[in-house]
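Visitor: I have a structure I'd like to walk through with you. Can we start with the cysteines?

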Amino acid sequence: MAINVKPNRDRQFSHNVVTVSTPRQMEKLGEKLSKTLSGGDVVLLTGELGAGKTVLCKGIAKGLGVTAPVTSPTFTIMNEYFGVIEFCHFDAYRLESADEAFGAGLTDFIGNKDCICAVEWWQNIEELFEDCKTVKIDIKKIDDKLREVIIDNELLND
């Protein structure tokens, strides 16, 4: 089960295109990505419904030592998990503004050095991430199984 990584630059996860064909590969990619993250980092996820955003977050959580089941925060807006560091998974699909995110308490976690965040549908509240260290990930469905994951990680460009 190889994960095909095609780097566009010399540094791992600086700007890569990764092709995955199974949910397990997507989860493994999340685990690998988790090793590059530290407190205050924010993973910004883009992709259509069913692309694999939550599966990637399951891998990130697993890599951070989370043992609890990781589920989609679609209806709760935020799920909070504890491993070697706190991991917060947000779904901003139903939020219309940064003010709504503030009212929901999300800004207590975003960019907080004691937490790593992953945000689905982040464009709805994008002004909240201006001063954060981010990893932007776009997941494209190629077909029913194949996904192209484009990772743009400014953390490694510092």
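Visitor: How many disulfides does the structure hold?
Guide: Zero. Keep in mind that this is a predicted model.

Visitor: What about Cys88? Which cysteine sulfur is closest to the sulfur of Cys88?
Guide: That of Cys115, at 3.4 Å. The pair is too far apart for a bond, because a disulfide needs the sulfur atoms within 2.5 Å.

Visitor: Is Cys88 buried or exposed?
Guide: Buried, with a relative accessible area of 0%.

Visitor: And Cys132? Where is the nearest cysteine sulfur?
Guide: In Cys117, 8.0 Å away. Cys132 is in no disulfide. Cys132 is buried too, with a relative accessible area of 14%.

Visitor: Remind me what kind of bond a disulfide is?
Guide: A covalent one, joining the sulfur atoms of two cysteines.

Visitor: New topic. How many helices and strands does the chain have?
Guide: Three helices and eight strands. Along the sequence they run β-β-α-β-α-β-β-α-β-β-β.

Visitor: What share of the chain is buried?
Guide: Buried residues are 47% of the 158 in the chain. The chain exposes about 8,000 Å². Carbon and sulfur atoms supply 50% of that area.

Visitor: What about contacts between residues far apart in sequence?
Guide: Take the contacts between residues at least 6 apart in sequence. Of these, 59% join residues at least 24 apart.

Visitor: On to the inside. Which residues of the largest nonpolar core touch the most other members?
Guide: Val43, Leu56, Ile60, Phe87, Ile137 and Val149. The core has 26 residues.

Visitor: Which elements supply at least two residues each?
Guide: Two helices are on that list: helix 1 (23–34) and helix 2 (53–63). The strands are strand 2 (15–20), strand 3 (41–47), strand 6 (115–120), strand 7 (133–141) and strand 8 (147–153).

Visitor: Which one gives the most?
Guide: Helix 2, with four residues.

Visitor: Is there another core somewhere? What is in it?
Guide: Yes, another core lies apart from the largest one. It has 18 residues, among them Phe90, Leu95, Ala101 and Trp122.

Visitor: Back to Ile137. Which residues does Ile137 touch?
Guide: Leave out residues up to four places away in sequence. Then Ile137 touches Leu33, Val43, Leu44, Leu45, Thr46, Leu56, Val149, Ile150 and Ile151.

Visitor: Where is Ile151?
Guide: In strand 8. Ile151 counts as buried, at 1% relative accessibility. The C-alpha atoms of Ile151 and Val43 are separated by 9.9 Å. Along the chain, these two are 108 residues apart.

Visitor: Now some polar side chains. Where does Gln25 sit, and is Gln25 buried or exposed?
Guide: Gln25 is in helix 1. Gln25 is buried, with a relative accessible area of 6%.

Visitor: What lies 2.6 Å from a polar atom of the Gln25 side chain?
Guide: The backbone nitrogen of Ser21.

Visitor: And Glu31, buried or exposed?
Guide: Glu31 counts as buried, because its relative accessibility is 16% and the cut-off is under 20%. Glu31 is also found in helix 1.

Visitor: Which residues does Glu31 touch, not counting those up to four places away in sequence?
Guide: Arg24, Gly59, Ile60, Lys62 and Gly63. One of these, Ile60, is also among the residues that touch the most other members of the largest core.

Definitions and conventions:
Residues are numbered from 1 along each chain as its sequence is written. This is a predicted model: local features need pLDDT of at least 70, side-chain atom pairs count only at pLDDT 80 or more; totals for chains, interfaces and linings use all residues. Side-chain values use heavy atoms; hydrogens and water are left out. A nonpolar core is a set of buried Ala, Val, Leu, Ile, Met, Phe, Trp, Tyr and Cys residues joined through side-chain atoms within 4.5 Å. Buried means under 20% relative accessible area, exposed over 50%, partly exposed in between (1.4 Å probe, protein chains only). Contact means heavy atoms within 4.5 Å. Accessible areas come from the Shrake-Rupley method with a 1.4 Å probe; for residues, only the protein chains shown count as cover. A polar contact is a pair of N or O atoms within 3.5 Å; within protein, one must be able to donate a hydrogen and the other to accept it, and residues adjacent in sequence count only if both atoms are side-chain atoms.
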